[in-house]
Amino acid sequence: MSKLRIAVQKSGRLNEDSMKILKDIGISIDNGKDQLKASARNFPVEVFYLRNGDIPQYLKDGVVDAAIIGENVLIEKGNDIRVAEKLGFSTCRVCIAVPKSVDYKGIQDLEGKRIATSYPNTVNAYLKANNITANLHIINGSVEIAPNIGLADAICDIVSSGSTLFKNNLKEVEMILKSEAVLAVSPLLSDNKQVILDKIQFRIQSVLKGRQ
Ligand code: PRP
Ligand code: MG
């Protein structure tokens, strides 16, 4: 029988929690993140360790069958991908922040400003809904440094503990959306693999109930 291919984040905050839920549902993975691919010993599952931002496309193409991924990434890059289950961990929010020294009065203050972000689609949709036009600078990491080096007036990124904002003298001024880890499913999933996925989902639901 063909194995269900599940993508998880290769490294980063989601990786540890993703591996933990797989372990909690009784799926033992032999080798760690040094391998890009690992098979479960006791279940027809293969785990692929991938970059977060690449996962929505892999799901769309059916290269992987399912993924544990942040909802924020799906909203940014994969809005036609089905969420089978919200997983309740890795909660965060996507926010706009400005330097603490700025006297921010409301979203109209962002008109014509430069915003650095890794979430251009999310920010654009939010600005458009509020009739604001701004200039986006797309960067892939360490976004919070942008105002300090004169690259942008504001940033939009995920906030979890708030520590990165704090360390960079920024304050949250707009909350665009809340996010958590989800189990996402490829639109090209075959019936055979759906059977495996159903078993996994059932186990996940039991584990999540136990965690409450
Ligand atoms: C993420 C995110 C924020 C930070 C939020 O960055 O881009 O910068 O975490 O978490 P906090 O509110 O708990 O500080 P990450 O450390 O993953 O690095 P990157 O931006 O370079 O990818
Ligand atoms: Mg960051």
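Into which domains is the protein divided? Before making any selection, keep in mind that this is a predicted model.

Start with the whole protein in a cartoon view, where 6 helices and 11 strands can be picked out, and where the C-alpha atoms fill a box of roughly 60 × 30 × 30 Å along the principal axes. If you colour by burial, 33% of the 212 residues count as buried. A contact map would add that, among contacts between residues at least 6 apart in sequence, 65% join residues at least 24 apart.

Next, select residues 4-90 together with 181-211, which make up domain 1, and give a second colour to 92-179, which is domain 2. The centres of the two domains, taken over C-alpha atoms, are separated by 29 Å.

Now turn to where the domains touch: 6 residues of domain 1 are in contact with 8 residues of domain 2. On the domain 1 side, select helix α3, residues 71-77, since this helix supplies the largest share of that side, namely 4 residues. Coloured by class, the side of domain 1 that touches domain 2 shows 1 nonpolar, 3 polar and 2 charged residues.

Finally, centre the view on ligand 1, which has 13 residues around it, and label G141, S160, S161, S163 and T164, the ones that come nearest. Two elements, β9 (154-159) and α5 (163-167), each give two or more residues to this shell, and β9 gives the most, with 3 residues. Colouring the shell around ligand 1 by class divides its residues into 2 nonpolar, 8 polar and 3 charged.

Key
Residues numbered from 1 in each chain as written. Chains lettered and ligands numbered in written order. Predicted model: local features only at pLDDT ≥ 70, side-chain atom pairs only at ≥ 80, totals over all residues. Buried ≥ 20, exposed ≤ 12 C-beta atoms within 10 Å, placed from the backbone. Contact = placed C-beta atoms within 7 Å. Domains from an automatic or database assignment. Nonpolar A, V, L, I, M, F, W, Y, C, P; charged D, E, K, R; others polar. Near = placed C-beta within 6 Å.
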